[in-house]
Amino acid sequence: MPSNKVKILGETILPGKTYHLSLNIAKLHTGTSIEVPIIISRAKLKGPSILFTGGIHGNEVNGVEIVRKIIAKKYHIPNAEWFICIPVVNVFGFLSQTREFPDGRDLNRVFPGTRTGSLASRFAYHIVKEIVPHISYCIDFHTGGDSRFNTPQIRIGKNDHESLQLAKTFGLALLLRVLKRKNLLERPL
């Protein structure tokens with residue numbers, strides 16, 4: 001697990017503190033900056049770290065509210081290690097109530113992204129570079145949007161036995177074991 005001095009988005013994150021950071025991803029044509037709020041709470045004890053995300057698809061507003069309530073009710077204050085919360089990952093899509101980024105790409109499909117790619121790809125790259133190295137688990141709340149209907153489900157890798165044990169604690173009727181594909185959490189061990 002990380003040492004006492006860890007930098008995320010240029011900020012030193014110390015144990016026992018909560019930080020409200022912003023990932024400045026782009027500017028509107030008016031020059032207004034679009035910033036993605038990132039709330040990081042770090043405990044004094046070591047342990048597993050969790051990333052909670054909502055709104056990867058801008059029109060899936062229920063996930064945004066779930067992460068917002070996690071913060072409002074102070075469930076994001078951990079007993080050990082970190083909780084990182086990103087209530088609205090796709091701020092562009094959220095503001096315009098569309099699924100995609102302004103470049104027409106589905107952010108959920110471009111991870112891990114590239115430093116010089118499309119806007120969505122560059123954004124994904126910064127999340128993977130700045131946030132993912134510091135987390136043990138990610139819970140991403142997808143909730144359907146527009147004419148889409150999602151039934152409560154958990155998706156895990158086909159041969160990921162640790163995630164299977166964790167998923168069973170949620171008690172959902174639908175658990176999907178999918179073939180491994182590149183995703184937000186894939187990184188060398």
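User: Let's start with a pair of charged residues in this predicted model. R99 forms a salt bridge with E60; how far apart are the closest N and O atoms?

Analyst: Good place to begin! A salt bridge here needs a side-chain nitrogen of Lys or Arg within 4 Å of a carboxyl oxygen of Asp or Glu. R99 supplies the nitrogen and E60 the oxygen, and the closest N and O atoms of this pair are apart by 3.5 Å.

User: Where in the chain do R99 and E60 sit, and how many residues apart are they?

Analyst: R99 is in the loop between helix 2 (91-96) and helix 3 (119-130). E60 is in the loop between strand 5 and helix 1. The salt bridge therefore links distant parts of the chain, and the separation is 39 residues.

User: Is R99 buried or exposed, and what about E60?

Analyst: The cut-off helps here: a residue is buried when its relative accessible area is under 20%. R99 has 12% relative accessibility, so R99 counts as buried. E60 has a relative accessible area of 3%, so E60 is also buried.

User: Which residues are joined into one network by salt bridges that share partners?

Analyst: R99 also forms a salt bridge with D106, with the closest N and O atoms 3.8 Å apart. Both R99 and D106 are buried. Shared partners then join the salt bridges into one network of E60, R99 and D106.

User: How many salt bridges does a search of the whole structure find?

Analyst: Besides the ones we have met, E65 forms a salt bridge with R68, and their closest N and O atoms are 2.7 Å apart. These two are three residues apart in helix 1, so about one helical turn separates them. E65 is partly exposed at 32%, and R68 is partly exposed at 41%. The search of the whole structure gives a total of four.

User: Now for the strands. How many of the five residues of strand 6 (residues 82-86) are buried?

Analyst: Look at the two directions in turn. W82, I84 and I86 point one way from strand 6, F83 and C85 point the other way, and all are buried. In a regular strand the side chains alternate between the two faces of the sheet. Strand 6 is largely enclosed by the rest of the structure, because the number of its residues that are buried is five of the five.

User: Strand 4 and strand 5 are both joined to strand 6. Which of them runs parallel to strand 6?

Analyst: Four bridges join strand 4 (residues 33-42) to strand 6, and these two run antiparallel; S41 has F83 as its bridge partner there. Four bridges also join strand 5 (residues 50-54) to strand 6, with F52 partnered by C85. The strand that runs parallel to strand 6 is strand 5.

User: What is the handedness of the β-α-β crossover from strand 5 to strand 6?

Analyst: Follow the chain out of strand 5. The path goes through helix 1 (residues 61-72) before reaching strand 6. This crossover is right-handed.

User: Which residue in the turn of the hairpin formed by strand 3 and strand 4 has a positive phi?

Analyst: 10 bridges join strand 3 (residues 17-27) to strand 4, and the two run antiparallel. One of the bridge pairs is K17 with R42. The hairpin has five residues between its strands, and the turn residue with a positive phi, about 95 degrees, is G31.

User: K74 and E81 each have a positive phi although neither is a glycine. Which of them is buried?

Analyst: Both K74 and E81 are in the loop between helix 1 and strand 6. The phi of K74 is about 65 degrees, and that of E81 is about 55 degrees. K74 counts as exposed at 58% relative accessibility. With a relative accessible area of 1%, the buried residue is E81.

User: Last one: why are the buried residues of helix 4 on the same side?

Analyst: In helix 4 (residues 161-168), the residues S163, L164 and A167 are buried. They are on the same side of helix 4 because the arc they cover around the axis is only 105 degrees.

Note on methods: Residues are numbered from 1 along each chain as its sequence is written. This is a predicted model: local features need pLDDT of at least 70, side-chain atom pairs count only at pLDDT 80 or more; totals for chains, interfaces and linings use all residues. Side-chain values use heavy atoms; hydrogens and water are left out. Buried means under 20% relative accessible area, exposed over 50%, partly exposed in between (1.4 Å probe, protein chains only). The arc is that of the directions from the helix axis to the C-beta atoms. Two strands pair if DSSP finds at least two bridges between them. A crossover is right-handed if, with the strands pointing away from the viewer, the path from the first strand over the helix to the second runs clockwise.
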